[in-house]
Amino acid sequence: MITLLPGDGIGPEVTTAARTVLETIATKYGHRFSFKEHLIGGAAIDALGDPLPPDTIASCQDCDAVLLGAVGGPKWSDPNAAVRPEQGLLKLRTVLGVFANLRPVKVFEELVPASPLKAEILRGVDMIVVRELTGGIYFGDKTRDETSASDLCTYHAFEIERIVRVAAELAAGRRGHLCSVDKANVLETSRLWRDTTDSIIANEYPGIELETLLVDAAAMHLLSRPADFDVIVTENMFGDILTDEASMLAGSLGMLPSASLGESTRGLYEPIHGSAPDIAGKGLANPAAAIASSAMLLRHSLALEAEAVAIEAAIAAVIAAGGRTADIATAGDRVLSTSEFNKAVTEQLA
Ligand code: NAD
């Protein structure tokens, strides 16, 4: 059973697209997927006053995988509001115990002109950024008085070990190269990160080639030589910042999927973009990120690798044939609506 959380803004449009694609896969490969739809974010606040209602939590704990659209929007953005849509998403990640956030960044040759970066730098970019999602400075104790404030950053070795293993396993199935990003010249947590990573790779993954970069240098290398990266592993805040930077390589937020995984096979899958209130309800949203997130769901939660590859190949084929939503179109392209792009992918699959 798959729990669907459409959420706010373009969330319902892109999750509808992803569901249609999963239903096409079920028909083609003889599977039966059942879906249960629940409220999250602003839609849940409007209906029930709670961004993550108990029914939603129960369904997410009871299913094989969760597919989410996006949460938030101007209607709920008052910083002084008692409840905010984003609280629902943060709580959901904690409830599901998903500590590893996987963000693949792949540049399609045909979309190179859609990126602000030079073509020769973008060719061949194909990496996965693995961000630690439930530790570090975002979760540490916070203090504030009139003239000072502090945020505590803590990492335990076990948190580093498990995320490095996730990243190393991924690298072992790809080009065998792992880049660990830290700030070990300044931060004690980063020195623990580096020592732990070095020891896990040396003892458990001798075949993996490990590169270590300081986060400031990594930010620069991501733009100067992005095609060199295979798998990048890093802590929560560095990963948050570097993945948004890396998203610009692919040309549009609308292209990038993500998976958040924990100890079990149950995962949380969502496009990396937000609710895009500026284009919501207009049929302008690019559903590729949500559709590609459904491919990650099949791969990581249901062990359906061939089906996942089929979805990714269908997206690539539609783009190769000139299928473009507005965000990835360049002058002269015929622009497809959300549902037209979706239909092109399902027809390609069928
Ligand atoms: P956003 O990702 O929603 O939009 C940024 C820009 O990218 C907008 O111009 C938007 O139109 C465009 N865009 C995003 N997704 C697109 C798609 N699939 N196709 C075409 N264009 C797309 O970020 P924002 O504007 O900073 O945030 C809007 C709301 O979303 C805020 O309330 C924010 O808190 C929330 N948000 C939610 C999540 C999440 O649910 N995981 C993530 C980020 C932001």
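**Exercise 1. Work out which way α3 passes α4, and what the pair is made of.**

Start with the crossing: α3 passes α4 in a right-handed sense, where right-handed means that the near helix is turned clockwise from the far one by less than a right angle, and left-handed means anticlockwise. Before going on, note that this is a predicted model, with local features needing pLDDT of at least 70 and side-chain atom pairs pLDDT 80 or more, while totals for chains, interfaces and linings use all residues. Residues are numbered from 1 along each chain as its sequence is written, and side-chain values use heavy atoms, with hydrogens and water left out.

Next, the geometry. Two packed helices are described by the angle between their axes and the distance between the axes. Helix α3 covers residues 54-62 and helix α4 residues 85-96; their axes cross at roughly 35 degrees and come within 10 Å. (Axes are lines fitted to C-alpha atoms, for helices over the stretch in contact, and angles run from 0 to 180 degrees between N-to-C directions; helices are DSSP runs of H or I with at least four residues, strands are runs of E with at least two, and both are numbered from the N terminus.)

Now list the contacts, meaning heavy atoms within 4.5 Å. From α3 come Ile-57, Cys-60 and Gln-61, which meet Lys-91, Leu-92, Val-95 and Leu-96 of α4. Sorted by type, the α3 and α4 contact has 5 nonpolar residues, 1 polar and 1 charged. (Nonpolar covers Ala, Val, Leu, Ile, Met, Phe, Trp, Tyr, Cys and Pro; charged covers Asp, Glu, Lys and Arg; the others, Gly among them, are polar.)

**Exercise 2. Do the same for α1 and α11.**

Helix α1 (residues 11-29) packs on helix α11 (residues 305-320) at about 125 degrees, with the axes 11 Å apart. The two are therefore oblique to each other; angles under 35 degrees count as roughly parallel, over 145 as roughly antiparallel, 65 to 115 as roughly perpendicular and the rest as oblique. This crossing of α1 and α11 is right-handed.

For the contacts, α1 brings Val-21, Ile-25 and Tyr-29 against Ala-306, Glu-307, Ala-310 and Ile-311 of α11. The tally is 6 nonpolar, no polar and 1 charged.

**Exercise 3. Place Glu-270 and Asn-101, and find their partners.**

Take Glu-270, in strand β12 (residues 267-271). Glu-270 is buried because its relative accessibility is 7%; buried means under 20% relative accessible area, exposed over 50% and partly exposed in between, with a 1.4 Å probe and protein chains only. The Glu-270 side chain makes a polar contact of 3.5 Å with the side chain of Arg-93. (That is a pair of N or O atoms within 3.5 Å; within protein, one must be able to donate a hydrogen and the other to accept it, and residues adjacent in sequence count only if both atoms are side-chain atoms.)

Then Asn-101, in strand β4 (residues 100-106), counts as buried at 3% relative accessibility. Its side chain makes a polar contact with that of Arg-103 at 3.1 Å, and a polar atom of the Asn-101 side chain lies 3.4 Å from the backbone oxygen of Ala-259.

**Exercise 4. Look at the phi values of Ala-276 and Ala-303.**

Most residues other than glycine have a negative phi. Ala-276 has a positive phi near 40 degrees, and Ala-303 a positive one near 55 degrees. Ala-276 sits in the loop between β12 and α10, Ala-303 in the loop between α10 and α11. As for accessibility, Ala-276 is partly exposed at 21%, and Ala-303 is exposed at 65%.
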